[in-house]
Amino acid sequence: MDSDRMVELAQALAAAKSRQDVPAALELMHPGMVLETPAFGTTARGHEENGKVLRRFFAAFPDYEVELQGHAANPDTLVCWGTVRMTMTGDRFGVTPRGGRAELPVFIQFGFADDLIASERFFFDLSELCAQSGVSTDAVRRTLFGAS
């Protein structure tokens, strides 16, 4: 796939997610889409799981916004970097957020198939998100990954 098309798809997905528009995001995803978020320890496969994960994410971060600021590509993969802004709400992570809107660097690796996004690996610093949200990283990690 040509890199311009890959960037176009990634930008469209960023825009859909920034609007919390799950149906629009799913339209850009291959039916076998794999979404990995290592900071949360989650992997979603297929449209149904991706829809569920996105709705759950947007419930926890209702003002989520991502801005892609740069990219690099080869014929199979696109890597983007930029900034996410989001406010942690609710108790999904076993803590009560006391901070404001977090602003974090993000790194996203995309794969493609059949002119759709087939994979996304979404990287950000969980400790920095927790610090800006006024919560304990250790407490959030225990909720996400169990006692260690």
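Biologist: At about what angle does helix α1 run to β3?

Modeller: This is a predicted model, in which local features need pLDDT of at least 70, side-chain atom pairs count only at pLDDT 80 or more, and totals for chains, interfaces and linings use all residues. Residues are numbered from 1 along each chain as its sequence is written, and side-chain values use heavy atoms, without hydrogens and water. Helix α1 (residues 3-18) lies across β1, β3, β4 (77-86), β5 (102-113) and β6 (116-123), contact being heavy atoms within 4.5 Å and helices and strands being DSSP runs of at least four (H or I) and at least two (E) residues. Between N-to-C axes fitted to C-alpha atoms, on a scale from 0 to 180 degrees, its angle to β3 is about 165°.

Biologist: Which strands stand at the edges of the sheet?

Modeller: The open sheet has 6 strands in mixed pairing, ordered β2-β1-β6-β5-β4-β3; a pair needs at least two DSSP bridges. Neighbouring strands are turned by 20° against each other on average, direction ignored. Two strands have a single partner each, so one side of each lacks a neighbour in the sheet: β2 (42-45) and β3 (65-73).

Biologist: Which residue of β2 stands opposite E36?

Modeller: Strand β1 (residues 29-37) runs antiparallel to β2, joined by 4 bridges. Opposite E36 in β2 stands T43.

Biologist: Which element gives the most to the lining of the largest pocket?

Modeller: Helix α3 (residues 46-60) lies across β1, β2 and β4, at about 45° to β1. Of the 15 residues lining the largest pocket, L35, T37, V53, L54 and F57 lie nearest its centre. At least two lining residues come from each of β1, α3 and β6. With 6 residues, the element that gives the most is α3.

Note on methods: 1 Å grid on protein atoms, 1.4 Å probe; cavity = no way out; pocket = protein on both sides within 12 Å on 5 of 7 lines; lining within 4 Å.
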